[in-house]
Amino acid sequence: MSSGEVIDVVVDGERILHAGAGTARGVDGAEDGSGKLLLPAFVDGHVHLDKVLVRDELREHDGTLAGAIGAIHERKARYTVDDVRSRARSVIEASVQLGTTRLRSHVDVDTIGGLTPLEGVLAAGAECADIAEVLTVAFPQEGLLRDPGAYQLMEAAIEAGADVVGGMPHWEVDEASQREHVGLCFDLAERFDRDLDMHVDETDDGGVRTLEMVADEALRRSYIGRVVAGHVCSLAAAPQDYADRVIDKCLRAGISIAANPVTNLVLQGRQDRGLVRRGVTRVRELRAAGVNVLFGQDCIKDGFYPFGRGSMLEVALISAHATHLTSRSDLAFALRAVTEAPAQAWRLSDYGLKQGARADLQLLPVPTWEEALRLQPMPEKVWFKGRLVAESSVVSNLHRSN
Ligand SMILES: [Zn+2]
């Protein structure tokens, strides 16, 4: 645990039977993790597995969100289920080796790729069901009104197995269309009894305010605690009175915010000169208000972001830089943002180092969470549903002359 507390954890099958002070040492099959850090496995609450690893095949663009979306069009039109499956699978496997056993993947649903991205990610998730749990979000990347036919595809995606309803209201051409987009997403979610996880206001333009539309709709329909809003960059550029008002609405609606600083640090602020905006939402104010904030990987070597390797430890470190997290309580918040916060956003009741939780665990070769963040080690061991699914060891020798 991050606190430095010494505990024993007893696992029975897929579940944690006991976590706390105890006497498990000496028991048959017991493992001694003394001096090491045992954490629940990470949860990546926001990733796009359909797009991962396509970067080398894309044309260069201006580095903006619109530039990236345009560059991916041509590649997306050529996706095959097998192509998406194999790229997604390699990232799921890498993520597990780096301590993540639960991933929630947005998958593009539009008239360019149809249901191919979803089918590819579902196939990868099924192939990796022995090492990880992958949930899918049907994500209308090209808009719903801007892309006629996308809404019908969204319905088909839910029927084909997508777990969560996505959205991208700020991508529509005007405010009326944005509002209609939000309403359509909630209609779909209510009809199929699904949670919502929408891309919201991923722009530097403080005048774009679909977060308030989403919060108002959640409150109006009593969809409390069932909505995640991702990115929410424009909130940082909006006036303080708007930010205060909408943060309060998010809190009342139980909306979780998936801040994705890793990608937005490079994607936003492209037009700024001099003082360049960070493109990151108001994490400090959201946290102070008590809103559930998580950090996601978002992108891995795609049109939006050239880096990423499925390491939530890396995501936490970069996000800590982007959002001024340095004190001990700040760093505990960063840990929460890649563990308990996404678990809360998913409404998981069986997550964590506690009795009855699913035994998704990782053992890191450092004594504390602060050292894990600083040194970025691979976990020595990762367990999924109580089964050891990844092991790693690093050998590095220093050859001195004396
Ligand atoms: Zn995203």
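Helix axes are lines fitted to C-alpha atoms over the stretch in contact, and the angle between two axes runs from 0 to 180 degrees between N-to-C directions. The structure described here is a predicted model.

**Helices α5 and α6**

By that definition, the axes of helix α5 (residues 175-192) and α6 come within 10 Å and cross at roughly 40 degrees. The crossing of α5 past α6 is right-handed. On the α5 side, the residues that meet α6 are E175, Q178, R179, V182, G183 and F186. Their counterparts in α6 are T210, M213, V214, E217 and A218.

E217 also takes part in a salt bridge within α6, where its side chain meets that of R220 at 2.8 Å, N to O. The two residues are three apart in helix α6 (residues 210-220), so about one helical turn separates them. E217 has a relative accessible area of 13% and is therefore buried, the cut-off being under 20%. R220, at 61% relative accessibility, counts as exposed because the limit for that class is over 50%.

**Salt bridges**

The structure holds 42 salt bridges. Three of them are listed in the table.

| Pair | Closest N to O distance | Location |
|---|---|---|
| R220 and E217 | 2.8 Å | helix α6 (residues 210-220) |
| R252 and D248 | 3.2 Å | helix α8 (residues 240-253) |
| R287 and D330 | 2.8 Å | helix α10 (residues 283-289) and helix α12 (residues 328-336) |

R252 and D248 are four residues apart, about one turn of helix α8. R252 is partly exposed at 48% relative accessibility, and D248 is partly exposed at 36%.

The salt bridge of R287 with D330 has its closest N and O atoms 2.8 Å apart. R287 lies in α10 and D330 in α12, so this pair ties together parts that are 43 residues apart in sequence. R287 counts as partly exposed at 28% relative accessibility, whereas D330 counts as buried at 13%. Elsewhere, salt bridges that share partners join R15, R102, E133, D350, R358 and D360 into one network.

**Zinc site**

The zinc ion is coordinated by H46, H48, H199 and H231, each through NE2, and by D298 through OD. The coordination distances run from 2.2 to 2.7 Å. Along the sequence, the spacing of these donor residues is H-x1-H-x150-H-x31-H-x66-D. Within this set, H48 and H199 link distant parts of the chain, 151 residues apart. H48 sits in the loop between β4 (42-47) and α1 (65-77), and H199 sits in strand β8 (residues 196-200). Both H48 and H199 are buried.

For reference, ideal angles at a metal are 109.5 degrees for four tetrahedral donors, and 90 or 180 degrees for six octahedral ones.

**Helix α3**

Helix α3 (residues 116-127) has twelve residues. From its first C-alpha to its last it reaches 16 Å, close to the 16 Å expected at 1.5 Å a residue. Buried residues in α3 are T116, P117, L118, G120, V121, A124 and G125. What covers these buried residues includes two helices, α2 (81-97) and α4 (150-159), together with the strands β5 (100-108) and β6 (133-139).

Conventions:
Residues are numbered from 1 along each chain as its sequence is written. This is a predicted model: local features need pLDDT of at least 70, side-chain atom pairs count only at pLDDT 80 or more; totals for chains, interfaces and linings use all residues. Side-chain values use heavy atoms; hydrogens and water are left out. The expected span of a helix is 1.5 Å times one less than its number of residues. Buried means under 20% relative accessible area, exposed over 50%, partly exposed in between (1.4 Å probe, protein chains only). Contact means heavy atoms within 4.5 Å. Donors are N, O and S atoms within 2.8 Å of the metal (3.2 Å for Na, K and Ca); water is not among the atoms, so sites may look incomplete. A salt bridge is a side-chain nitrogen of Lys or Arg within 4 Å of a carboxyl oxygen of Asp or Glu. A crossing is left-handed if the near helix is turned anticlockwise from the far one by less than a right angle, and right-handed if clockwise.
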